[in-house]
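Hi everyone, thanks for coming. I'd like to walk you through a model, so please have a look at the screen.

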Amino acid sequence: MSQGQIGAELRLVTPGMAIGPLSGKRVGSGALAQNEEIIATRLGWVRELNDTVSVDPINSTYMPRSGDLIIAIVAEVRNNLWFMNVNGPFQGLLPMSLAPWKVEFGAARQHMGIGDVVMARVQEVDECHNVVLTMKGVGLRRLNEGSILSVPVNHVDRIRGNNNETLHRLREICDCRIMVGDNGRVWIDGNAEGTSWARSAIELASKSGHKLSFEAELSALENDAPKRGDA
Amino acid sequence: MGGYGDVKLLREDGLRLDGRKIDEMRPIEIEAGTLPGADGSAWVKHGLNVAVAAVYGPMEAHPRKIQRQDRCVIDVRYNMAPFSTSDRIRPGYNRRSREISKVTAEALESVVICERYPRSKIRVEIEILSAEAGTRCVGITAAAVALADAGIPMRDLLVGVASGKVEDTVVLDLDKAEDNYGQADLPVGILPNTGEIAFLQMDGDLSPDEFNLAMEYNFKAAAEIHDIMVDALKRRYEGGEN
């Protein structure tokens with residue numbers, strides 16, 4: 001059986017590769033236990049935290065989970081609900097009762113049409129992957145300005161950084177409003193130069209987010225950032 | 001596949017017409033992530049076979065009647081390009097490509113952890129750009145690398161490989177002449193880490209001993225191809241993370 005790079009700090013594993021012996025460890029996402037061994041099920045990096053072994057996938061599709069903060073796009077409008085594109089395999093459903101406005105039956109189109117972008121939260125996901133969204137909550141609203149970027153879902157944490165440190169740093173540098181959805185969509189709003197720089201920083205994260213050199217590349221990009229008040 | 005009496009497929013020195021030993025594979029090259037627009041993709045060159053596979057999804061399965069409430073479906077489309085052989089192939093689906101698409105989908109369904117994506121569909125497109133012999137095996141290998149590249153959870157990397165019989169001798173990895181004029185062909189899909197078989201077809205006749213020898217060759221070759229597949233995936237993401 002092929003082995004991951006055991007003993008090394010970096011362990012890129014492919015599906016079917018043995019990560020190591022089970023020996024009392026818990027099996028997290030991206031792995032399974034088979035014949036007292038932990039086997040990777042996805043292409044990604046092995047992560048061991050609190051005796052739980054999991055694989056952080058290099059590529060993955062967004063699978064909504066209850067409580068996720070996402071940036072969704074209206075895909076269809078009915079009399080009393082909106083179907084939202086959540087950047088996943090299934091559309092999410094936003095009923096008028098969970099919209100931030102008082103919506104009369106048949107008047108959903110007056111509030112949001114196809115293509116409108118919103119900040120929403122995943123209210124509920126059932127076992128058949130039916131997704132219900134809500135816009136009731138602090139900060140949940142329609143995004144009327146700015147632009148949207150898509151990044152790989154597994155790089156969202158990288159863009160945010162520990163305790164949102166990287167995200168705060170990006171906001172500070174470019175003087176823009178940036179919001180990162182758990183579904184891999186990033187909303188940027190600000191002056192033209194700042195937005196342009198923020199886009200390149202986010203694109204860098206989506207391209208090189210998994211690489212060791214990411215921090216250094218981001219720091220190099222920081223030197224090209226527009227000075228505050230330039231615009 | 002009954003053999004064509006006077007066609008010589010083995011040389012007097014015991015080697016095959018292209019100079020390979022009887023248990024030697026054609027050279028194989030694999031690259032992952034060759035199509036930037038796909039969720040996952042792979043390019044495989046195996047001898048004169050060239051295959052490209054693209055994976056899209058998981059996505060909502062349409063029409064709804066194909067949805068399965070507890071798992072995803074894998075929709076495979078295998079196609080040979082009109083220019084893939086010296087005789088132009090009429091474009092579009094035919095009986096052969098339909099059969100290969102079906103068996104490939106069934107093989108991949110046994111490897112992919114389909115329960116993760118209920119009601120969804122994973123679309124796998126396999127295009128054979130150049131064909132020599134054993135294109136279904138090359139297609140399966142390319143599809144497995146593309147699925148891994150797309151981040152689809154799988155129990156193992158499925159490897160497609162074939163053995164056969166020519167002039168009453170069991171040989172590994174048939175080329176075009178051996179495929180056309182040989183006595184048997186045994187393509188299999190193997191999970192190298194567990195030794196399971198996800199797909200097996202046999203054309204022609206093999207005795208039990210010949211079958212066992214052919215499977216021995218297949219398993220040995222599958223391990224070699226698996227290493228090349230892993231190497232291709234690792235090469236794509238070299239640089240590591242911190």
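I'll talk about the domains of chain A, then one helix and one sheet, and finish with chain B.

One thing to keep in mind is that this is a predicted model.

Let's begin with the layout of chain A. The domain assignment splits chain A into domain 1 (12–57), domain 2 (69–143) and domain 3 (147–222). Taken over C-alpha atoms, the centres of domain 2 of chain A and domain 3 of chain A are 25 Å apart. Where these two meet, domain 2 of chain A brings 9 residues to the contact and domain 3 of chain A brings 9 residues. On the domain 2 side, the elements giving two or more residues are β8 (69–77) and β11 (117–125) of chain A. β8(A) gives the most to that side, with 3 residues. As for chemistry, the domain 2 side has 7 nonpolar residues, 2 polar ones and no charged ones.

Now for a helix, α4 of chain A, residues 192–208. α4(A) has 17 residues and reaches 24 Å from its first C-alpha to its last, close to the 24 Å expected at 1.5 Å a residue. Which residues of α4(A) are buried? They are A:Gly194, A:Thr195, A:Trp197, A:Ala198, A:Ala201, A:Ile202, A:Ala205 and A:Ser206. If you look at the spacing of those numbers, remember that an α-helix has 3.6 residues a turn, so residues three or four places apart point the same way. And what covers the buried residues of α4(A)? The cover includes the strands β14 (147–150), β15 (177–180) and β16 (185–189) of chain A, and also the helices α2 (156–160), α3 (165–174) and α5 (214–222) of chain A.

Next, a sheet in chain A. It is an open sheet of 4 strands in the order β1-β6-β7-β3, with mixed pairing. β1 (12–13) and β3 (26–27) of chain A are at the edges with a single partner strand each, so one side of each has no neighbour in the sheet. β3(A) pairs with β7(A), residues 52–57, in the parallel sense over 2 bridges. In that strand, A:Val53 is the bridge partner of A:Val27.

Finally, chain B. Chain B has 4 helices and 10 strands, and along the sequence they run β-β-β-β-α-β-α-β-β-α-β-β-β-α. A compact globule of 242 residues would have a radius of gyration near 18 Å, and chain B agrees, at 18 Å. Of those 242 residues, 49% are buried. Among contacts in chain B between residues at least 6 apart in sequence, 70% join residues at least 24 apart.

That's my tour, and I'm happy to take questions.

Definitions and conventions: Residues are numbered from 1 along each chain as its sequence is written. Chains are lettered from A and ligands numbered from 1 in the order in which they are written. This is a predicted model: local features need pLDDT of at least 70, side-chain atom pairs count only at pLDDT 80 or more; totals for chains, interfaces and linings use all residues. Domain bounds come from an automatic or database domain assignment. Two residues are in contact if their C-beta atoms, placed from the backbone, lie within 7 Å. Ala, Val, Leu, Ile, Met, Phe, Trp, Tyr, Cys and Pro count as nonpolar, Asp, Glu, Lys and Arg as charged, and the others, Gly among them, as polar. The expected span of a helix is 1.5 Å times one less than its number of residues. A residue is buried if 20 or more other C-beta atoms lie within 10 Å of its own, exposed if 12 or fewer, and partly exposed in between; C-beta atoms are placed from the backbone. The radius of gyration is taken over C-alpha atoms; the globule rule is 2.2 Å times the number of residues to the power 0.38. Two strands pair if DSSP finds at least two bridges between them.
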